[in-house]
Amino acid sequence: MEEENACSSQGGPAQKSKSASAALSIVTAVAAVPLVTLTPRSTSSFPPLPSNPFPAGTLRGLNTLAKAHGRYFGTALQESQQRVNDTKYTYLSASFSEFGMVTPENDMKWELTEFTQGDFTFAGADYVLGYAHHNGQTVRGHNFVWYNQLGQGILAPYINWTNSTILAIIKEHIQAVGGRYKGQLYVWDVVNEPLNDDGTFQTNIWYNVTGSYYIKYALQVARETDPYARLYINDYNIETVSNKSNAYLNLVKGLLAEGVPLDGIGCETHLILGETPSTADMITNFQRFADLGLEWAITELDIRMDLANNATEGNSTQLAQQATEYAQVVSACLGISTCVGITTWETSDSYSWVPGVFTGQGSGLLFDFNSNPKPAYYAVADALAGHNGTKIVDGPFVSQGGFNDWENPKKVTDPKRRRGL
């Protein structure tokens, strides 16, 4: 969920469609994803990073703290925002100690890689990937198949798509984009936001032609294109047990029973201040997917709030409450071994998508408009450090430094671990 999609934790309009697949028996094994030492893109074109502009002791190193317990802490960024004259923001977004995983917020989406059908452009995606690799960071690919931010050719009203022609363009797109970055990313969000809040399928250009088959097909093509990347389905409003998360459970049970490659679920976690679920309720839901052997990742975290009189930040009471709620989310990820990491949807409030979509709301991130840490930043750091009674279950990655050193082959290839046993 990003700039042009206003469906967040408030949800979008319910649309009548087919219900999710019925629960099927689970296969007894999931083929392990081959391990590879990822090959960073060329880093010669990036200038030296600025020196730490913060006073000593200001930053706590969120990714360093997360890695100590086998997880990553990440951020989202865009190519255009890495060229701004903002020293604090530039330092933070490039800091491996703060953010070890990077998600291109928009630069890998369909409209920016294939705006005109069959005409691929990769300048923005190349820059973000190369920039992250330059800084020793790993990358989450986002995303292949979504109903939003598509190229102009796909939505043209004069095109009468058939099952075969629309599957062909899915395949062409995944092979072109995924093939370019083969072996250079940790994970791909293959299908983005396929379900409504009531658990029915989104009626979009893909579903209207193929039914739910496009989900299975996209995952299969993605695995064939890049056998080294983890494959995820990513969506919002699935933090707790609900009609939507129940439908997801049934959907992925069916996919796994058919042998469709699926390694994890991305839980966007765009939240509203005062409505954040409890840690216990989130863990209860996360565990259901862990029991299927799937990874769980918090992929687009922010906690937005109402702002008074065109303010850019919340008041002290709001910021204190936001800190508490961020700690709840982080504690949920720390409370289950298959939650691999947490990504905030941008670094500082000055670059957040929220104000442009939700009028009168904002201040959803860990750093304010001037890229200074907010109370939520320190609450997250405390949770990651195990302070204030936070219960921590070690995650799946070992604590190592350097590019793509997240994976412990003995753990990742262990079928018992992948089955959540």
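Modeller: A helix axis is taken here as a line fitted to the C-alpha atoms over the stretch in contact, and the angle between two axes runs from 0 to 180 degrees between their N-to-C directions. The model in front of you is a predicted one.

Colleague: With that in hand, at what angle do helix α5 and helix α7 pack, and how far apart are their axes?

Modeller: Helix α5, residues 163–180, and helix α7, residues 213–225, pack at an angle of about 30°, and their axes lie 9 Å apart. The crossing of α5 past α7 is right-handed. On the α5 side the contact involves residues including Leu167, Ile170 and Ile174, while α7 contributes, among them, Tyr213, Tyr217 and Val221.

Colleague: What makes the crossing of α5 and α7 right-handed?

Modeller: A crossing gets that name if the near helix is turned clockwise from the far one by less than a right angle, and the passage of α5 by α7 is of this right-handed kind.

Colleague: Why is the aromatic pair of Phe201 and Tyr207 called stacked?

Modeller: The structure holds 16 aromatic pairs, and in the one formed by Phe201 and Tyr207 the ring centres are 5.2 Å apart, with 15° between the planes. Centres within 6.5 Å make a pair and planes under 30 degrees apart count as stacked, so the values for Phe201 and Tyr207 satisfy both conditions. Ring pairs also link Phe120, Phe122 and Tyr181 into a cluster.

Colleague: How do you know whether Phe201 and Tyr207 are buried or exposed?

Modeller: Buried means under 20% relative accessible area; Phe201 has 2% and is therefore buried, and Tyr207, at 8%, is buried as well. Across the protein, buried residues make up 60% of the 421 residues.

Colleague: What makes Lys244 count as a charge over the ring of Tyr236?

Modeller: The charged end of Lys244 sits 3.6 Å from the centre of the Tyr236 ring, and the rule asks for NZ of Lys within 6 Å of the centre and within 35 degrees of the ring normal. The distance therefore falls inside the limit, and Lys244 is placed over the ring. Arg140 likewise lies over the face of Tyr232, at 5.4 Å from the ring centre.

Colleague: Why is Thr344 called buried, and what is Thr344 in contact with?

Modeller: Thr344 lies in strand β9, residues 339–344, and is called buried because its relative accessible area is 1%, set against a limit of 20%. Leaving aside neighbours within four places in sequence, its contacts include Phe73, Phe99, Leu301, Tyr326 and Leu365.

Colleague: How do you know that Ser352 is on the buried or the exposed side of the cut-off?

Modeller: Ser352 is in the loop between β9 and α11, and its relative accessible area of 13% is under 20%, so Ser352 counts as buried. The C-alpha atoms of Ser352 and Gly364 are separated by 7.6 Å, although the two residues are 12 apart along the chain.

Colleague: What is noted about the backbone at Gln149 and Thr269, and where do these residues lie?

Modeller: Phi is near 50° for Gln149, a positive value in a residue other than glycine, and near 65° for Thr269, again positive in a residue other than glycine. Gln149 lies in the loop between β3 and α5, and Thr269 in the loop between β6 and β7. With relative accessible areas of 4% for Gln149 and 1% for Thr269, both are under 20% and so count as buried.

Methods. Residues numbered from 1 in each chain as written. Predicted model: local features only at pLDDT ≥ 70, side-chain atom pairs only at ≥ 80, totals over all residues. Heavy atoms only, no water. Phe/Tyr/Trp six-rings, centres within 6.5 Å; stacked < 30°, edge-to-face > 60°. Buried < 20%, exposed > 50% of the residue type's maximum accessible area, 1.4 Å probe, protein only. Helix = DSSP H or I, 4+ residues; strand = E, 2+ residues; numbered from the N terminus. Contact = heavy atoms within 4.5 Å.
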